[in-house]
Amino acid sequence: MNNFTYHIPTKIHFGKGKISHLCELKESGNKVLLVYGGGSIKREGIYDKAIEILNENGLEVFEISGVEPNPRIETVRRGVDLCKKENIDMVLAIGGGSSIDCAKVIAAGAKYDGDAWDLVLKPKLIEGALPIYSVLTLAATGSEMDTFAVISDLTKNEKWGTFSAYMLPKMSVMDPEYTFSVPAKQTAAGTADIMSHTLENYFTNVKEGFMQARFCEGILKTLVYYGPIALRQPDNYEARANLMWASSFAINGLLKLGSEVTWCVHPMEHELSAFYDITHGEGLAILTPFWMEFALNEDTAYKFAEYGRNVFGVAEADDMKAAKKAIECTRAFFKEMGLPATLKEVGIDDTYFAEMAAKAVKRAKGSFVPLTEEDMIAIYKAAL
Ligand code: NZQ
Ligand code: ZN
């Protein structure tokens with residue numbers, strides 16, 4: 001196992017009614033910028049509850065609403081301008097990953113003199129941020145407890161992830177009941193996203209991370225067990241609670257400790273979203289089994305076999321056979337969740353494959369099995 005340092009200072013308040021902890025925002029000042037999406041938080045009464053608590057605690061509330069799924073830089077810029085104009089003290093996101101990511105870059109942009117897009121392209125330019133708080137309403141990205149934010153400039157077909165320790169939320173509220181209203185499509189896409197975060201960490205060439213691999217398998221088994229239950233029974237508390245907690249731990253750094261990982265399916269998916277504005281988790285569900293087939297060979301079969309045996313209970317002694325079954329199980333799981341299996345199903349053809357691969361390869365070449373631009377094009381083509 002390689003050396004590491006682990007420090008995740010995000011305070012989590014998990015469970016029913018934990019939104020009451022929004023009173024803690026007053027530790028960061030008086031003026032809060034509330035960032036949210038297209039209205040789900042108003043329909044579900046979360047907005048009213050949050051405003052009531054903020055008002056009771058003497059906080060002055062400013063708002064940026066209408067954050068898009070695949071949040072746009074234009075919305076970030078609106079938020080940054082408001083923060084600077086009103087001397088905002090802190091940012092509170094209520095929603096899924098898009099609202100939280102948007103809030104993170106607003107918070108960083110408020111402390112930066114240039115254009116916020118610089119911070120998306122060059123994470124090193126992030127040298128501070130306003131305190132960030134979140135109330136999570138969708139189990140998927142793990143943004144509630146990680147350093148990342150993903151922002152798009154669709155005028156240029158660009159979608160990039162940026163990161164900084166300054167963008168770790170100071171506190172996140174995670175009430176599983178808030179996810180009862182998440183529609184089936186987003187429940188499935190969120191589950192696929194958590195699965196992909198876990199797999200990107202699981203497939204590493206550092207073989208000594210025994211415990212990390214078991215953590216990954218625990219999360220994967222949780223998703224395989226509770227994902228379908230949450231689809232069938234949207235208000236099943238245990239299912240929603242387990243998916244929610246899995247979302248945080250798949251990407252908060254724990255799984256990659258002591259190993260070396262360079263994500264590759266994610267950068268390839270971000271190009272699909274950048275060109276076609278598709279749902280992130282759906283793109284991942286399509287690409288993952290094709291990446292697995294590409295990455296499977298005599299040297300890697302052992303790892304896919306381990307995954308199949310420990311997550312899906314594949315009872316097959318031969319590694320290559322077990323590996324192939326594991327990939328079949330992955331496909332079958334995504335199908336059971338109602339996720340698309342090919343790019344055609346989400347309206348994507350081969351028009352931009354070369355352009356997408358040229359961009360994706362700049363961010364991540366993959367470490368378990370290194371990928372060239374041509375390899376990425378081959379995976380996109382297979383997924384058609
Ligand atoms: O906008 P509203 O009205 O809130 O509706 C949203 C949106 O339409 C809806 N929704 C959220 N909570 C709901 C709800 N509907 C009913 N009830 C609720 N409780 O769901 C839709 C999708 O929301 P969004 O926030 O876009 O989804 P998600 O959490 O999957 O975030 C996706 C974004 O995060 C990025 C993705 O690329 C994408 O841009 N990612 C962020 C990461 C990170 N910060 O670490 C890592 C990920 O790999 C990912 O790239
Ligand atoms: Zn993701």
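## A walk from salt bridges to sheet and back

Start with the charged side chains: the count comes to 15 salt bridges, each one a side-chain nitrogen of Lys or Arg within 4 Å of a carboxyl oxygen of Asp or Glu. Before you click further, keep in mind that this is a predicted model, where local features need pLDDT of at least 70, side-chain atom pairs count only at pLDDT 80 or more, and totals for chains, interfaces and linings use all residues. Residues are numbered from 1 along each chain as its sequence is written, chains are lettered from A and ligands numbered from 1 in the order in which they are written, and side-chain values use heavy atoms, with hydrogens and water left out.

**Stop 1: the sheet.** Switch to cartoon and pick out the open sheet of 6 strands, ordered E1-E8-E5-E4-E2-E3 with parallel pairing. At its edges sit E1 (11–14) and E3 (60–64), each pairing on one side only. From one strand to the next, the twist averages 20 degrees. Strands and helices here are DSSP runs numbered from the N terminus (E, at least two residues; H or I, at least four), and two strands pair if DSSP finds at least two bridges between them.

Now select 132–136 and 171–174. These are E5 and E8, which run parallel and are joined by 4 bridges. For one of the partnerships, show Ser134, whose bridge partner in E8 is Ser172.

**Stop 2: two helices on the sheet.** Select 46–56 for helix H2, which lies across E2 (31–36), E3, E4 (90–95) and E5 and runs at about 150 degrees to E3. Next, add 73–86: helix H3 packs on the sheet too, touching E2, E3 and E4, with its direction at about 155 degrees to that of E3. Contact means heavy atoms within 4.5 Å; the angles run from 0 to 180 degrees between N-to-C directions, along axes fitted to C-alpha atoms (for helices, over the stretch in contact).

**Stop 3: Lys11 and Glu24.** Back at E1, show these two side chains, which meet in a salt bridge at 3.4 Å, N to O. Lys11 is in strand E1 and Glu24 in the loop between E1 and E2, so the pair ties together parts 13 residues apart in sequence. Is Glu24 buried or exposed? Glu24 counts as buried, at 13% relative accessibility, while Lys11 is partly exposed at 41%. Buried means under 20% relative accessible area, exposed over 50%, and partly exposed in between (1.4 Å probe, protein chains only).

**Stop 4: Lys104 and Asp146.** Here the closest N and O atoms of the salt bridge are 2.8 Å apart. What does this pair tie together? Lys104 lies in helix H4 (97–109) and Asp146 in the loop between E5 and E6 (148–153), so the bridge links parts 42 residues apart in sequence. Lys104 is buried, with a relative accessible area of 0%, and Asp146 is buried as well, at 3%.

**Stop 5: helix H11.** Select 301–312 and look for Lys303 and Glu306, 3 residues apart, about one turn of the helix. Their salt bridge has its closest N and O atoms 3.0 Å apart. Lys303 is buried at 7% relative accessible area, whereas Glu306 is partly exposed at 22%. Add Arg214 and Glu217 to the selection: salt bridges that share partners join these two with Lys303 and Glu306 into one network.
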